[in-house]
Structure formats: structure tokens, C-alpha cells
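Q: Please take a close look with me at the surroundings of the ligand. I would like one connected account that begins at the contacts and then works outward.

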Amino acid sequence: MSEDQKDDQAGNKIGVLTKTQPKTKKPSMYKVLMLNDDYTPMDFVVHILLKYFQKSEDEAVQIMLNVHQTGVGICGVYSFEIAETKVMQVIDDAKRNEHPLQCTLEKE
Ligand code: TYC
């Protein structure tokens, strides 16, 4: 914000505020969320976290248990296109294996 001094018609000093917009904006980031359900096997959820989210076995088990207990958990944070792709891959893999596992994205 900068303030330029101008005079109005009566000769009074008035301030004109100009807001400078940065030319580039940081891309928004999106959380990929895993949702709990009563049917998807725990092993399958761990397998998904290893396969698509590059988690260690320990991390994958922790995330899965957290989702199982609280209803939802974060798999990772990505740019929109990556997050959207991961959501599609998870839902597709779950469908092919006939599990109702659901995954969604949420703007950070
Ligand atoms: N609640 C499931 C069960 O008891 C396990 C599960 C965990 C399912 C996490 C989905 O995102 C999920 N078999």
C-alpha cells in the first residue's frame, strides 16, 4: 500500500491509497482426506496409503487407525491436479476391489 498526496478542488491535501497486487500468486494447496466406512478391510486402506501416498508401513497404519477411530484423516497435501488425481486413483482402486472406501479433497 502506498499513499500519494493529491489536492482536491478546495486545495485540501487528500490521500489516495493504491494497493499493489503481487504479479504471481502461490498455488492453493489441497488436503486429500480418507473417510471411514464399516466395510473396507484395514489392510486394504494401509495398502492404498503405501501405494499412492508414499507412506511408511508405520505411518500408513497410524493414519488408517486414526481414520477408523475419528472418521476422517489426512493422507497428504498437494496442488489441485495432484490431489484430484490421487482421489481418482484411490476411488478407482477401491471400486476395482469392490470396497466402498471414499476419499475426497479439501482446500487448505
Ligand atoms: N472401519 C474399517 C473396518 O473396521 C477400516 C477402515 C479404516 C475403513 C479407514 C476405511 O478409511 C478407512 N474394517
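A: Let's start with threonine 40, where a backbone N or O atom lies 2.9 Å from a nitrogen atom of the ligand. This is a polar contact, meaning a pair of N or O atoms within 3.5 Å; within protein, one atom must be able to donate a hydrogen and the other to accept it, and residues adjacent in sequence count only if both atoms are side-chain atoms. Before we go on, please keep in mind that this is a predicted model, in which local features need pLDDT of at least 70 and side-chain atom pairs count only at pLDDT 80 or more, while totals for chains, interfaces and linings use all residues. Residues are numbered from 1 along each chain as its sequence is written, and side-chain values use heavy atoms, with hydrogens and water left out.

Asparagine 36 contributes through its side chain, from which a polar atom lies 2.8 Å from a ligand nitrogen. At aspartate 37, by contrast, a polar backbone atom is the partner, with a ligand nitrogen 2.7 Å away. The protein covers 89% of the 350 Å² of accessible area that the ligand has on its own; such areas come from the Shrake-Rupley method with a 1.4 Å probe, and for residues only the protein chains shown count as cover.

Three elements each give two or more residues to the shell around the ligand: strand E3 (29–35), helix H1 (42–53) and helix H2 (57–70). Helices (H or I, at least four residues) and strands (E, at least two) are DSSP runs, numbered from the N terminus. H2 gives the most to this shell, with three residues.

Which residues surround the ligand? They are Met34, Leu35, Asn36, Asp37, Thr40, Met42, Val45, Met64, Val67, His68 and Leu101, where a residue is near a molecule or strand if one of its heavy atoms lies within 4 Å of it. By class, the shell has seven nonpolar residues, three polar ones and one charged one. For this count, Ala, Val, Leu, Ile, Met, Phe, Trp, Tyr, Cys and Pro are nonpolar, Asp, Glu, Lys and Arg are charged, and the others, Gly among them, are polar.

Back to threonine 40 for a moment. This residue is found in the loop between E3 and H1, and its relative accessible area of 11% makes it buried. Buried means under 20% relative accessible area, exposed over 50%, and partly exposed in between, with a 1.4 Å probe and protein chains only. The threonine 40 side chain also reaches the backbone nitrogen of leucine 101, at 3.2 Å, and leucine 101 is itself one of the residues around the ligand.

Now follow E3 away from the site. Five of its seven residues are buried, so the strand is largely enclosed by the rest of the structure. E3 runs antiparallel to strand E4 (residues 72–79), joined by seven bridges; two strands pair if DSSP finds at least two bridges between them. In this pairing, lysine 31 stands opposite valine 77. E3 also pairs with strand E5 (residues 102–107), in the antiparallel sense, over six bridges. Here methionine 34, a member of the ligand shell, stands opposite cysteine 103.

That brings us to the cysteines. A disulfide, taken here as a pair of cysteine sulfur atoms within 2.5 Å, is absent, since a search of the whole structure finds zero. Cysteine 75 is in no disulfide, and its nearest cysteine sulfur, that of cysteine 103, is 5.2 Å away. Seen from cysteine 103, that distance to the closest cysteine sulfur is too far for a bond. Cysteine 75 is buried, with a relative accessible area of 0%, and cysteine 103 counts as buried too, at 4%.

Finally, here is the wider frame. The chain has three helices and five strands, in the order β-β-β-α-α-β-α-β from the N terminus on. Of its 108 residues, 29% are buried. Two loops carry an unusual backbone angle, given that most residues other than glycine have a negative phi. Glutamine 54, in the loop between H1 and H2, has a positive phi of about 50° and counts as exposed at 58% relative accessibility. Glutamate 98, in the loop between H3 and E5, has a positive phi near 60° and is exposed at 71%.
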